[in-house]
Amino acid sequence: MPVLRGTPDASTRPDRPELIDRFGRVATDLRVSLTDRCNLRCTYCMPAEGLDWLPTSEVLSDDELVRLLRVAVTELGVTDVRFTGGEPLLRRGLEDVISATAALSPRPKISMTTNGLSLAKRATTLVEAGLNRVNVSLDTLDRTRFHELTRRDRLHDVFEGMAAARAAGLDPVKINSVLLRGVNEDEAVPLLRYAVEHGYQLRFIEQMPLDPQHGWDRANMVTAAEILASLKTEFELTPEPAARGGAPAERWLVDGGPAVVGVIASVTRPFCAACDRTRLTADGQLRNCLFSQSETDLRAPLRAGATDQEIADLWRATMWAKAAGHGINDVGFSQPDRPMSAIGG
């Protein structure tokens with residue numbers, strides 16, 4: 001992965017404090033990967049033996065991470081912070097990081113995407129630290145299939161984690177589901193029925209080319225159109241009247257509401273024109289797009305004594321260089337070297 005160690009060219013950038021790009025988009029949503037490690041081995045995400053994890057010395061310390069968060073919120077206009085992984089619940093001191101983020105002014109909205117395995121034990125302390133909302137990854141309701149997909153027999157822990165999250169006040173609890181052809185594509189209806197019955201919000205996500213094996217095949221991806229067609233065999237879906245804005249999911253009312261279901265169609269219905277996200281990896285690399293072919297190193301200048309202003313300027317310049325779109329559907333598209341577990345969701 002090419003790393004930009006200098007400052008990207010921002011000579012034509014207007015003198016504005018926020019994270020604006022050349023196409024008028026403003027990034028206010030920061031996705032922060034806390035670790036590249038995970039305690040599941042989902043077949044579409046990583047091999048059974050796992051990956052070569054980042055050395056501890058390369059991962060941002062809590063103090064370094066909180067400093068970058070402070071720059072993002074107080075200097076660059078970030079209003080939403082989502083902690084991801086790998087699996088963020090594996091990060092030691094997670095509650096302390098959340099608490100420090102909640103103490104920033106203006107206070108950002110704080111969310112987390114997790115596999116939910118240890119959520120039941122920590123939902124209350126996460127809320128006390130300042131977490132506002134949680135997304136839980138769940139691709140199947142069948143124990144055997146969950147074991148096959150994740151290589152772990154832990155489905156009951158996910159169910160308990162979601163229930164504990166809702167009881168602790170992390171509402172709405174959102175479920176993220178990926179459907180794979182020939183694997184779990186028959187579960188669109190059961191997953192939505194389960195979400196509606198339990199008061200969760202379900203979002204289907206088209207499988208994206210972010211696997212470390214680089215084995216993604218468009219033909220194996222269940223498309224948004226297919227998902228919606230399946231759901232409509234059992235439910236009445238009507239477009240949600242609220243404006244979508246920069247949200248990645250198209251949303252529909254289920255049987256007139258109040259239940260809703262979303263579909264994130266990154267491949268077949270790209271939403272790049274409204275993207276408002278900026279990304280920070282666990283080892284301090286800045287990415288202006290999930291599919292970017294380059295990164296800007298913030299860790300090195302941070303450890304070399306850079307000022308907050310210097311870091312902010314580097315961040316602004318990186319976002320100014322953001323491309324118009326991810327290019328998945330372009331002939332010359334090339335998958336990023338880093339897999340999703342290293343980039344963060």
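Which residues does Cys42 touch, not counting residues up to four places away in sequence? In this predicted model, Cys42 touches Leu149, Thr150 and Arg151 once those sequence neighbours are set aside.

**Cysteines of the binding site record**

Cys42 lies in the loop that runs between strand E4 (29-33) and helix H1 (62-76), and Cys45 has its place in the loop between E4 and H1 as well. An unreviewed UniProt entry lists Cys38, Cys42 and Cys45 under "binding site". Cys42 counts as buried because its relative accessibility is 15%, under the 20% cut-off, and Cys45, with a relative accessible area of 17%, is likewise buried.

**Helix H4 and its two faces**

Two of the residues touched by Cys42, Leu149 and Thr150, belong to the buried residues of helix H4 (residues 143-150), which are Arg145, Phe146, Leu149 and Thr150. These buried residues lie on the same side of H4, because they cover an arc of only 115° around the axis. The face turned away from that buried side carries Arg143, Thr144 and Glu148, which are exposed. Helix H5 (155-167) is included in what covers the buried residues of H4.

**Other positions in the record**

UniProt, again in an unreviewed entry, also places the feature "binding site" at Arg31, Arg82, Thr113, Lys174, Arg277, Thr278 and Arg279. Among them, Lys174 lies in strand E8 (residues 174-177), while the place of Arg279 is in strand E13 (residues 277-280). With neighbours within four places in sequence left aside, Lys174 is in contact with Arg133, Val134, Asn135, Val136, Gln201, Arg203 and Arg251. The table sets the accessibility of these two residues beside that of the two cysteines and of Ala324, which is taken up further below.

| Residue | Relative accessible area | Class |
|---|---|---|
| Cys42 | 15% | buried |
| Cys45 | 17% | buried |
| Lys174 | 12% | buried |
| Arg279 | 8% | buried |
| Ala324 | 43% | partly exposed |

**Packing of H2 against H3**

Helix H2 (residues 94-102) packs with helix H3 (residues 119-129) at an angle of about 25°, and their axes are 8 Å apart. H2 is therefore roughly parallel to H3, since angles under 35 degrees are classed in that way. On the H2 side the contact is made by Leu94, Glu95, Ile98, Ser99 and Ala102, and on the H3 side by Arg122, Thr125, Leu126 and Ala129. By character, the residues of this contact divide into 5 nonpolar, 2 polar and 2 charged.

**Ala324 and a contact across the sequence**

Ala324 is found in the loop between helix H9 (308-320) and helix H10 (340-343). Not counting residues up to four places away in sequence, Ala324 touches Phe23, Arg25 and Cys272. Ala324 and Arg22 are 302 residues apart in sequence, yet their C-alpha atoms are 8.4 Å apart in space.

**The protein as a whole**

The protein has 10 helices and 15 strands, and 54% of its 345 residues count as buried. Among contacts between residues at least 6 apart in sequence, 74% join residues that are at least 24 apart.

Notes:
Residues numbered from 1 in each chain as written. Predicted model: local features only at pLDDT ≥ 70, side-chain atom pairs only at ≥ 80, totals over all residues. Heavy atoms only, no water. Axes fitted to C-alpha atoms, helices over the stretch in contact; angles between N-to-C directions. Helix = DSSP H or I, 4+ residues; strand = E, 2+ residues; numbered from the N terminus. Parallel < 35°, antiparallel > 145°, perpendicular 65-115°, else oblique. Contact = heavy atoms within 4.5 Å. Nonpolar A, V, L, I, M, F, W, Y, C, P; charged D, E, K, R; others polar. UniProt positions renumbered as here; feature names shortened; annotations may be inferred. Buried < 20%, exposed > 50% of the residue type's maximum accessible area, 1.4 Å probe, protein only. Arc of directions from axis to C-beta.
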